[in-house]
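Please look over the pockets and the surface of the protein shown here, and keep the computed values below beside the view.

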Amino acid sequence: MKIGIDIDGVILDYERMLKTYGELYDYIELKKNGMINRNEHYLRNRYDWTEEEREKFVNKYFLKLSKQTALIPGAKDVIDMLQKEGNEFIIISARGGMIEEMKDVAMEKFKEEGLSFDKYYWKQEDKLETAQKEKIDFMIDDSYDVCKKLATNEVRTIYFRDKEMKKLEQNEYLREVSNWGEIYRFIKEQQGV
C-alpha cells in the first residue's frame, strides 16, 4: 500500500507543543485571554491575535519548538512495522512553507530516530492534488480541513484526531483514530490480514 503521511500532529507531537506555548504566549506575554475557539486546529483560528501578535509568536516559537518536539508515541514502531511489511510511505506536509528551515529540522529528527520515507513533498498547502497524483491508498493527517477535503474527494483518509479537534463523520473514505495502534489495526484490517 501507498500511505501518504503528514508530519506535525501525526509523526511529531508539534501541534501539542504549539497549543501549550500558544496558551503561555497569550496569557503571559500578551496578558489576555484571546482564545476564541479551542477546537480549531490552526492557532490563527484559535486566538483573536492581531497579525503582528501572530507573526511575533511564529518568529519566536515555530522553529524553536520544532527542534524540541518528540515523536508521537508508537509512530516509529508502527511505521517501521508497516514498512517491513512492504508498505510505502510518502510524506505530504505543509512544513517548510512558512519557515524553510523547519523542513531541515524534520529531516534531522527523522535521521536521529532512524526513520526514512520513500518520497517527500514539502510546502503542501493543498494535499489533495499530491495524494491523487501519487495514487495513495490512505492519507494520514490531523487537520480537520485537510481530512474533510480528501475524504470528500474520495481519497481514503485516516483522521488522527486530537480530542479537542472537531469531529468528522466516519464513512467509507474517512476513519478517525487517536493513536498509532489504531492506525496499525485499521490498515491491517483493510489489507485483509
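What volume does the largest pocket have? The largest pocket has a volume of about 730 Å³. This is a predicted model, in which local features need pLDDT of at least 70 and side-chain atom pairs count only at pLDDT 80 or more, while totals for chains, interfaces and linings use all residues. Residues are numbered from 1 along each chain as its sequence is written, and side-chain values use heavy atoms, with hydrogens and water left out.

A pocket here is an open set of points, on a 1 Å grid over the protein atoms alone, where a 1.4 Å probe fits, with protein on both sides within 12 Å along at least five of seven lines; its lining residues have an atom within 4 Å of a point. A volume is the space filled by probe spheres set on the points, which are joined across faces, edges and corners.

Of the 34 residues lining the largest pocket, E15, Y42, R44, A94 and E125 are the closest to its centre. For the second largest pocket, with 15 lining residues, the closest to the centre are G9, D13, I72, F160 and D162.

The table gives volume and lining; Ala, Val, Leu, Ile, Met, Phe, Trp, Tyr, Cys and Pro count as nonpolar, Asp, Glu, Lys and Arg as charged, and the others, Gly among them, as polar.

| Pocket | Volume | Lining residues |
|---|---|---|
| Largest pocket | about 730 Å³ | 14 nonpolar, 6 polar, 14 charged |
| Second largest pocket | about 280 Å³ | 3 nonpolar, 4 polar, 8 charged |
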